[in-house]
Amino acid sequence: MRTPLCEKLGCELPIFAFSHCRDVVVEVTKAGGFGVLGASTFSPEQLEAELRWIDQHVNGRPYGVDVIIPTKYDKEAETTTADLETMIPQEHRAFMDDFLQAEGVPELPPDERERIHREIIDGRGNMTPDGARRLLAVTLKHPQVKLVVSALGSPPPDVVAQLREHNVMIGAMCGKGEHAARHREAGVQLIVAQGTEAGGHTGEIATMVLVPQVVEACGDEVAVLAAGGIAKGSQIAAALALGAQGVWCGTVWLGTTESELDPFEKEALFASRAQDAVRRKARTGKTVRMIKSRLSEAWEAPGAPEYLPTPLQGILYNEAHARVVRAKRKDLYSFPAGQVVGMINEESSVRDVMYRMQLEYLETMERLHKLSPAET
Ligand SMILES: Cc1cc2nc3c(=O)[nH]c(=O)nc-3n(C[C@H](O)[C@H](O)[C@H](O)COP(=O)(O)O)c2cc1C
């Protein structure tokens, strides 16, 4: 399974793990894969603490960081919590509150509500050009970070120059074949071709179609990882067959012992089928693939208000989500997850997932080998 990208990055297996959870990043990395920490939900101080912890636990191995680097300046990002609060129309607030009240979901204690709002506002601060650069400055103080992935568009020239100077590989997410050329011109060295099956913000093109398009557009200079719909060794074999140099998985780690989700959330995940992972705007105002619930579907029903733009929809939704988790209401629980959620039915450790995927990969290769004509 070792590909040239493994040589370049210094890992044993081309299995990349996107996670917001440092324990997952560490365990994947220690098992020979390449953990990538989703950094955009952290403040610079939190990120520094997370990276220091990862450095101490990965036994000197390399790992990566994923940062949302917006290419356009978003003036709204400067608005304060109070401004944002007043920008949410009363109709939308009432829709969410009435729904949860009718369902008997208690309100949050004031201090918890305040904490959630603070997290959202801090998160927004990191998604401005300056905020992303602050996270980058923290990241570059950690020499074990060998890859930085830009989650939203091509990284700007000054960021590319800075990463090159530090000898850090530059990656970018991509959901359309035509975006690959733009990334390449911007100096990106690794493209994550993410199909619609994936959890999180996702486009419309399937991994099976997208990966060969991106591989073709990249030529030999830029490595491609396949993302979206990969949780088994046979899917890794398929990704490599399509020309990818590895896989980038997100959903599969949510069900691991090490994941950030609590037991109630994992139960909801294990009960979900592939068709329950749908694309909806309820969570952020942008299309996110997530497990559907009666709460997400209420926003789709006739008579529901229109989705608010980002970040207003997210502020409304995150508070509702916290109420749902606190009340342990599976029927109202939605969380970003890809279609492979239907294949994840019980908890296992990251190490076991890594081992299982390798075993399945070998079985697949053996099966395929038998299809080839015997050598004479
Ligand atoms: C819970 C969750 C949160 C995600 N958040 C981000 C993010 O902040 N940045 C990013 O580049 N991708 C994010 N993604 C997408 C992953 O990077 C990855 O492309 C995707 O999970 C791969 O498809 P899979 O879910 O089928 O494994 C997220 C995915 C999940 C499941």
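Which residue just after helix 10 takes a positive phi? In this predicted model, that residue is Gly 219, whose phi is about 65°. The helix that comes before Gly 219 is a good place to begin, and from there the path leads to the domains, to the ligand and to some single residues.

Helix 10 covers residues 207-218, twelve residues in total, and from its first C-alpha to its last it reaches 16 Å, which is close to the 16 Å expected at 1.5 Å a residue. Its buried residues are Thr 207, Leu 210, Val 211, Val 214, Val 215, Ala 217 and Cys 218. When the helix is seen down its axis, these buried residues fall within an arc of 165°, and so they line one face of helix 10. The spacing can be understood from a general rule: an α-helix has 3.6 residues a turn, so residues three or four places apart point the same way. As for what lies against them, the buried residues of helix 10 pack against three strands and two helices, namely strand 5 (169-174), strand 6 (190-194), strand 8 (223-227), helix 9 (177-186) and helix 11 (233-241).

For the wider layout, the domain assignment of the protein chain gives domain 1 as 4-73 + 127-254 + 343-361, and domain 2 as 75-122 + 293-332. Between the C-alpha centres of domain 1 and domain 2 there are 30 Å.

The ligand has 24 residues around it, and those that come nearest are Ala 198, Gly 199, Gly 200, Gly 250 and Gly 338. By character, the residues of this shell divide into twelve nonpolar, ten polar and two charged. Strand 9 (247-249) and helix 12 (251-254) each supply at least two residues of the shell.

Helix 12 also holds Thr 251, which has 29 other C-beta atoms within 10 Å and is therefore buried, since 20 or more are enough for that. Leaving aside its neighbours within four places in sequence, Thr 251 is in contact with Gly 199, Ala 231, Ala 337, Gly 338, Val 340 and Val 341; of these, Gly 199 and Gly 338 are also among the residues that come nearest to the ligand. Computed along the chain, Leu 269 is 18 residues from Thr 251, while in space the two are 9.7 Å apart, C-alpha to C-alpha.

A second buried residue is Phe 18, with 27 other C-beta atoms within 10 Å, and Phe 18 is found in strand 1 (residues 15-19). Not counting residues up to four places away in sequence, Phe 18 touches Val 36, Gly 38, Asp 66, Trp 248 and Gly 250. Phe 18 and Thr 29 are eleven residues apart in sequence, and from C-alpha to C-alpha they are 11 Å apart in space.

The last stop returns to the backbone angle with which the text began. Most residues other than glycine have a negative phi, yet Asn 167 has a positive value near 60°, and Lys 328 has a positive value near 50°. Asn 167 is found in the loop between helix 8 (157-165) and strand 5, and with 8 C-beta neighbours inside 10 Å it counts as exposed. Lys 328 has its place in the loop between helix 15 (312-326) and helix 16 (350-371), where, with 14 other C-beta atoms within 10 Å, Lys 328 is partly exposed.

Key:
Residues numbered from 1 in each chain as written. Predicted model: local features only at pLDDT ≥ 70, side-chain atom pairs only at ≥ 80, totals over all residues. Near = placed C-beta within 6 Å. Helix = DSSP H or I, 4+ residues; strand = E, 2+ residues; numbered from the N terminus. Nonpolar A, V, L, I, M, F, W, Y, C, P; charged D, E, K, R; others polar. Domains from an automatic or database assignment. Expected span 1.5 Å × (residues − 1). Buried ≥ 20, exposed ≤ 12 C-beta atoms within 10 Å, placed from the backbone. Arc of directions from axis to C-beta. Contact = placed C-beta atoms within 7 Å.
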